[in-house]
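User: I would like to go through some of the labels attached to this structure and hear the reasoning behind each of them. Could you take them one at a time?

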Amino acid sequence: MKQFMFGCNSGETLNFTNMDALHGKLAELKKWCGVNNISKMMFQIYSEILEEDVINNVCNTISDVFPDAPYVGCSTSGNITDCQLSQAVTIACTVFEFPSTQVEIYQYDLNNEVTDSITWKILENTRANSWVKAIELFFTIPEHSSTRFCDGLREVRQDIQIFGGVACSDDITSDASCVFSKNAGYSRNSVVVIFYGGSDFYVDSINVTGWKPLGRKFHVTKSDGCILHELDGIPAYDVYHKYLNIQNDENFFYNTLEFPLFYEHNGTTILRTPVASNADGSITMTSDMDIGSVVRISYGDPGTIIESIKEDSRKLYEFQPDILHIFSCAARRTFWTSKEPTYEIYPFKNISPSSGFFSHGEFLRTKGNLNQHNVTLVIAGLREGRKREMANGGMPADEKVLSKIPLVSRLATFISVTSLELEEINRKLGLANEKLKTAAIIDGMTGLYNRKEIQSQIEKKLGNIHNEKFSVAMFDIDNFKQVNDTYGHQEGDAVIIALADLLNNEHASYTERLSAGRWGGEEFMLLLNDTDVSSAALIADLIRQCFANTGFPVVRTQTVSIGVTQATEDDNIDTLCTRVDTALYKAKKTGKNKVIVI
């Protein structure tokens, strides 16, 4: 198996000069094939240009020179030749040297055939042809999740490897893409399937992520197929906005490419990038997200990538492929920056000739399950015949100095938000402590201050009596013992709570002027700031009237007696409380349900 590469420069169109040059190079290849008795070949075309006329021009030129040779191709976000970025339109010609090698190509129109029908045909073809050892896929960007397609190929024989990529364009935020083949021509919504095999055909494949989980775990709490609604009960978009400061705008897809969701699926690590953010806070993903899945935001770690590349390049070196097919996510191209877009695949350069493209998504079968990946590098090694001795080389190249990677600002945002979350935790702990403090000064039944607290407030006011006048009023529910003895403590508690509610409501209306507390049993104390005795008596009498008009289902109406007094500069807590208690005693002794002022 050998590979020959041809390229065409970019421009508004590929002009006839380009086609003449391509025609000449193809003619030279045809002569070589004749000399070497080669009759079986296949062309793969990768194009950053999506225009149908341009692609047809290239395909027609190939057919002019090789009328019987099949071709396939797709649009890309960049083309790869021998592990380097190549021209806008790149043509890889694979010539097969073993007569036993077989290749079949099919193209399925996704507008006319349902996914189940397509996967069933692929499955039947593998059952009917025992020679099949590998399946290569070229997909246009799916309108919906690719999960059903992947699941439909689960029954393909376990010894068959499946790999491939999703077509893309030079604008990675666009959903425009195309695939094409000699069988069915140009299409914006199709899948091209290539079957490889034969008794002398061998294939091996790898995938490299190098992305690490970042921060906390999230559970998928609501999803509908590929629509991810909620993570831990909050809108999925809010997670990206909160932790990475990514806005819900036209750049959402581009900004999330380097920060896919990381989770385990089908026994392997899967990275999923959002396709779009939606108005309701949900996110459209490339494949289904199962409820209950545990996911984490991830980031690219150069060190991890380099170590993976070293290990996997050795694996492919030992396989000794004739050619490599490379599918690298467009997000990885942006990760390594425009200056070094093929940095991570460079170590594979000395293993064998290679071709491929930067993709919208990558396919690879692992442990019997076909998965669509994102932000992943997939490489398939193809070989005819036994391993051949290779020259010293093919091992990982020396590491170059890494370029600065544009992650700092978003990682800084992540760290900042994490710090804010710790601050929020501390704030909540502070609130919890405040609640504990509040519980120490609040009466549990009524919600008013307890005796210790209301007495403490009165003492503080006495300490400032020369600057601000104040009054106190003591309340006592009339005949309360009779209520408890006749109707029980539950009804008695209801009466106490009703008076407490009146005092609370009054407090709510005059927050800065009033403080109310339960003095003990059925007795209450009201502290009236900046209030003389006459005003305090009016407020107390209003509360008395409201309480007398309060109805109780069982005990009917109840009354309250009230004593009122104004603090003086000569008072201490004992003299003030004694005086207001005396006023209350007189109210009860002279008929109850009244206010007495001393």
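User: In which strand is the place of Ser515?

Analyst: In this predicted model, Ser515 belongs to strand S29, which covers residues 514-520.

User: What makes Ser515 buried or exposed?

Analyst: The relative accessible area of Ser515 is 8%, and since buried means under 20%, Ser515 is therefore called buried.

User: How do you know that the side chains of Ser515 and Gln457 are joined by a polar contact?

Analyst: The side chains of Ser515 and Gln457 are joined at 3.0 Å, and because the cut-off for a pair of N or O atoms is within 3.5 Å, the pair is listed as a polar contact.

User: How many disulfides does the rule give, and why is Cys178 without a bond to Cys74?

Analyst: The count comes to zero disulfides. The closest cysteine sulfur to that of Cys178 is in Cys74, at 7.5 Å, whereas a disulfide requires sulfur atoms within 2.5 Å, so this distance is too far for a bond. Cys329 is likewise in no disulfide, its nearest cysteine sulfur being that of Cys168, 7.8 Å away.

User: Why are Cys178 and Cys329 called buried?

Analyst: Relative accessibility is 0% for Cys178 and 3% for Cys329; because the label applies under 20%, Cys178 counts as buried, and so does Cys329.

User: Where does Cys329 lie, and with which residues is Cys329 in contact beyond its neighbours within four places in sequence?

Analyst: Cys329 is in strand S23, made up of residues 323-329. With those neighbours set aside, Cys329 is in contact with Phe358, Ser359, Glu362, Asn374, Val375 and Thr376. Computed along the sequence, Cys329 and Gly78 are 251 residues apart, while their C-alpha atoms are 10 Å apart in space.

User: What is the phi of Asn479, and why is Asn479 called partly exposed?

Analyst: Phi of Asn479 is near 55 degrees, a positive value in a residue other than glycine, and Asn479 is found in the loop between strand S28 (470-477) and helix H11 (480-487). The relative accessible area of Asn479 is 39%, and because partly exposed covers the values between 20% and 50%, that label applies to Asn479.

User: Where is the place of Asp530, and what makes Asp530 partly exposed?

Analyst: Asp530 is in the loop between strand S30 (523-529) and helix H13 (533-548), and has a positive phi of about 50 degrees although it is not a glycine. Its relative accessible area is 46%, and since exposed means over 50% and buried under 20%, Asp530 is therefore partly exposed.

Technical notes. Residues numbered from 1 in each chain as written. Predicted model: local features only at pLDDT ≥ 70, side-chain atom pairs only at ≥ 80, totals over all residues. Heavy atoms only, no water. Helix = DSSP H or I, 4+ residues; strand = E, 2+ residues; numbered from the N terminus. Buried < 20%, exposed > 50% of the residue type's maximum accessible area, 1.4 Å probe, protein only. Polar contact = N/O pair within 3.5 Å; in protein donor to acceptor, adjacent residues only side chain to side chain. Contact = heavy atoms within 4.5 Å.
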